[in-house]
Amino acid sequence: FDEGYSKADILNEALNIARVEETGLPIPALEEVTKIDGKWAIVTDYAEGKTIAQLMAEKSVNEVTVKELVDLVDINRSTFYLHYTDIYNMLESVENELFEEILHTIRTHPVSPFNENSFPFIEDIFAILFENREICAALLGPHGDIAFLHRIEEMLSHYSLAALREAFPERMDDLKYTYAYCVAGGVGLIKDWLSRGCEESPQHMAQLTFRLVTNTVSDFYPHA
């Protein structure tokens, strides 16, 4: 984790992993919380077999039953219900964790419209996507949750459009469409990258995205 994460953030993340692990679902087991090269890190082991993300990639959450899930991962229904009310509640928990991680990144790197200061934010977003690539691919895939994508887009719009409005108030009539164009292209790029198993590094994708966005803006607004 980068320096922007507090000790409380890390320990809370470890607690969330431990709670999910206690359900018996096939996730990597939590081993320890430590520091590596001066940065906080959560160490987990490797879990073989089907993961939650792979299950979600195979069928819509509407088609998954609690019985099917607990039978597949070999846990008791009572263990599942100790932590979640139903499949939707489990999905909501996963989504909320990702949402909070992205929100933390936005607050750590305030949006800087159309300049090099935006790159650390884009780089961190791709790092999050890569670290959670299986679940992100499932959420954004054909059987995913479109409401989660809209929730992320609304959060980004809230911060990004506010920054653009403050920097270029007289250009918002066109900028709102330029922003929508960049977001649509960015989402498509991310979906394709995830669907291909993240063949390119997150650093490469961050640089590509940054270049595409800045080129688009510079074409429309050469003085921005």
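## Exercises on a predicted model

In this predicted model, H5 gives the lining of the second largest pocket its largest share, eight residues. Let's work through the pocket, one helix and the salt bridges.

**Exercise 1.** Describe the lining of the second largest pocket: which helices supply it, which residues lie nearest its centre, and how do the residues divide by character?

*Solution.*
- Start with the space itself, which has a volume of about 420 Å³.
- Next, look at the wall: 18 residues line this pocket.
- Then assign helices. Helix H1 (7-22) and helix H5 (87-108) each supply at least two residues of the lining, and the share from H5 is eight residues.
- Now find the residues nearest the centre: Asn12, Glu13, Asn16, Glu97 and Glu100.
- Finally, sort the lining by character, which gives seven charged, six polar and five nonpolar residues.

**Exercise 2.** Check the length of helix H6 (residues 119-131) against its expected span, then list its buried residues.

*Solution.*
- Helix H6 has 13 residues, so at 1.5 Å a residue it should span 18 Å. The count to multiply by is one less than the number of residues.
- Its end C-alpha atoms lie 18 Å apart, in agreement with that expectation.
- For burial, use the cut-off of under 20% relative accessible area. The residues of H6 that count as buried are Phe119, Phe121, Ile122, Asp124, Ile125, Phe126, Ile128 and Leu129.

**Exercise 3.** How many salt bridges does the structure hold, and is each partner buried, partly exposed or exposed?

*Solution.*
- There are three salt bridges in the structure. Recall that exposed means over 50% relative accessible area, and partly exposed lies between that and the buried range.
- Glu170 pairs with Arg171 at 3.5 Å, N to O. Glu170 has a relative accessible area of 59%, so it is exposed, whereas Arg171, at 24%, is partly exposed.
- Asp173 pairs with Lys176 at 3.8 Å, N to O. Asp173 is exposed at 58%, and Lys176 is partly exposed at 35%.
- Asp192 pairs with Arg196 at 2.7 Å, N to O. Asp192 is partly exposed at 36%, and Arg196 is partly exposed at 48%.

**Exercise 4.** Why are Asp173 and Lys176 separated by about one helical turn?

*Solution.*
- Place both residues first: Asp173 and Lys176 are in helix H9 (residues 172-195), three residues apart.
- An α-helix has 3.6 residues a turn, so residues three or four places apart point the same way.
- The three-residue spacing therefore puts about one helical turn between Asp173 and Lys176, whose side chains meet in a salt bridge.

Definitions and conventions:
Residues are numbered from 1 along each chain as its sequence is written. This is a predicted model: local features need pLDDT of at least 70, side-chain atom pairs count only at pLDDT 80 or more; totals for chains, interfaces and linings use all residues. Side-chain values use heavy atoms; hydrogens and water are left out. On a 1 Å grid over the protein atoms alone, a cavity is a set of points where a 1.4 Å probe fits but cannot get out, and a pocket is an open set with protein on both sides within 12 Å along at least five of seven lines; lining residues have an atom within 4 Å of a point. Grid points are joined across faces, edges and corners, and a volume is the space filled by probe spheres set on the points. Helices (H or I, at least four residues) and strands (E, at least two) are DSSP runs, numbered from the N terminus. Ala, Val, Leu, Ile, Met, Phe, Trp, Tyr, Cys and Pro count as nonpolar, Asp, Glu, Lys and Arg as charged, and the others, Gly among them, as polar. Buried means under 20% relative accessible area, exposed over 50%, partly exposed in between (1.4 Å probe, protein chains only). A salt bridge is a side-chain nitrogen of Lys or Arg within 4 Å of a carboxyl oxygen of Asp or Glu.
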